[in-house]
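Me: I would like to learn how to read a structure feature by feature. Please take me through this one.

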Amino acid sequence: MNFQGVKAPDIPKGVQQYRPVTDYMTHEVISFTPEQSIADAMDVFLEKHISGAPVIDEKGKIIGILSEIDCMRIMVDEAYHNLHHGKITVAEYMSNNVATISVDMDVLDCAQKFLRTHYRRFPVVDVNGRLKGQVSRRDILQATRDLKTSSW
């Protein structure tokens, strides 16, 4: 007996297929480790002109995200609790609730996710939660422009 399974239906005429986010994402992502000094992280933000970065463990799995707003909390903590930020780690200030997108997502679904949130970027992860890249609003804007020039 030879079983071939069910053939996937053809895409109806007029239905647009959208490119995967992996075509537009940044592959070289600046990231932090949980043990890294918060002072070092702030230096990276200022030197690289970025406003946030994922925090990954030794296996490359995303465990958090650190943003400028997380770092601004340090000023308040220093003022009210007399803490010195040179001894504080990224793990103490990173956000643990990370919104990510899958490497399988297309740019249309990603655009919809941006429209439903206030985030400027999403880490792109594989099925095991390992960081593979990052996609920003600007990346999706580029995809929108590419789509317009090819199909509108």
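Me: What volume does the largest pocket have?

Reply: Bear in mind that this is a predicted model. The largest pocket has a volume of about 420 Å³. Ser 67, His 118, Tyr 119, Arg 120 and Arg 121 are the closest to its centre among the 19 residues that line it.

Me: Which elements give two or more residues to the lining of the largest pocket?

Reply: They are E1, E2, H2 and E4. H2 provides the largest share of that lining, with four residues.

Me: Next, helices. Which residues of helix H1 are buried?

Reply: Start with the general idea. An α-helix has 3.6 residues a turn, so residues three or four places apart point the same way. Here, helix H1 covers residues 38-48, and its buried residues are Ile 38, Ala 39, Ala 41, Met 42, Val 44 and Phe 45.

Me: What covers the buried residues of H1?

Reply: The cover includes strand E1 (52-56), strand E2 (62-67) and helix H2 (68-81). E1, E2 and H2 also appeared above, as elements that give two or more residues to the lining of the largest pocket.

Me: Which residue caps the N-terminal end of H1?

Reply: Ser 37 does, with a side-chain oxygen 3.1 Å from the backbone nitrogen of Ala 39. Just after H1, at His 49, the backbone takes a positive phi of about 55°.

Me: Now the sheet. In what order do the three strands of the open sheet lie?

Reply: In general, strands of a sheet pair through backbone hydrogen bonds, either parallel or antiparallel. In this model the order is E3-E4-E5, and the pairing is mixed. Strand E3 (101-102) and strand E5 (131-136) are the edge strands, each pairing on one side only.

Me: How many bridges join E4 and E5?

Reply: Strand E4 (residues 121-125) pairs with E5 over five bridges, in the antiparallel sense. To find the register by eye, look for Phe 122, which stands opposite Val 135 in E5.

Me: How many salt bridges does a search of the whole structure find?

Reply: The general idea is that side chains of opposite charge can pair when their charged atoms come close. The search finds four salt bridges. One of them joins the side chains of Arg 19 and Asp 23, at 3.1 Å from N to O. Arg 19 is partly exposed, at 43% relative accessible area, and Asp 23 is also partly exposed, at 41%.

Me: How far apart are Asp 70 and Arg 73 in helix H2?

Reply: They are three residues apart in helix H2, so about one helical turn separates them. Their side chains meet in a salt bridge of 3.7 Å, N to O. Asp 70 counts as buried because its relative accessibility is 5%, and the cut-off for buried is under 20%. Arg 73 is partly exposed, with a relative accessible area of 41%.

Me: Which residue forms a salt bridge with Lys 132?

Reply: Asp 126 does, and the closest N and O atoms are 3.9 Å apart. Lys 132 is partly exposed, at 39% relative accessible area, whereas Asp 126 is buried, at 14%.

Me: Which residues are linked in a network of salt bridges?

Reply: The network links Asp 126, Arg 130 and Lys 132. When you inspect it, display the three side chains together.

Definitions and conventions
Residues numbered from 1 in each chain as written. Predicted model: local features only at pLDDT ≥ 70, side-chain atom pairs only at ≥ 80, totals over all residues. Heavy atoms only, no water. Buried < 20%, exposed > 50% of the residue type's maximum accessible area, 1.4 Å probe, protein only. Contact = heavy atoms within 4.5 Å. Polar contact = N/O pair within 3.5 Å; in protein donor to acceptor, adjacent residues only side chain to side chain. Pairing = 2+ DSSP bridges. 1 Å grid on protein atoms, 1.4 Å probe; cavity = no way out; pocket = protein on both sides within 12 Å on 5 of 7 lines; lining within 4 Å. Points joined across faces, edges and corners; volume = space filled by probe spheres on them.
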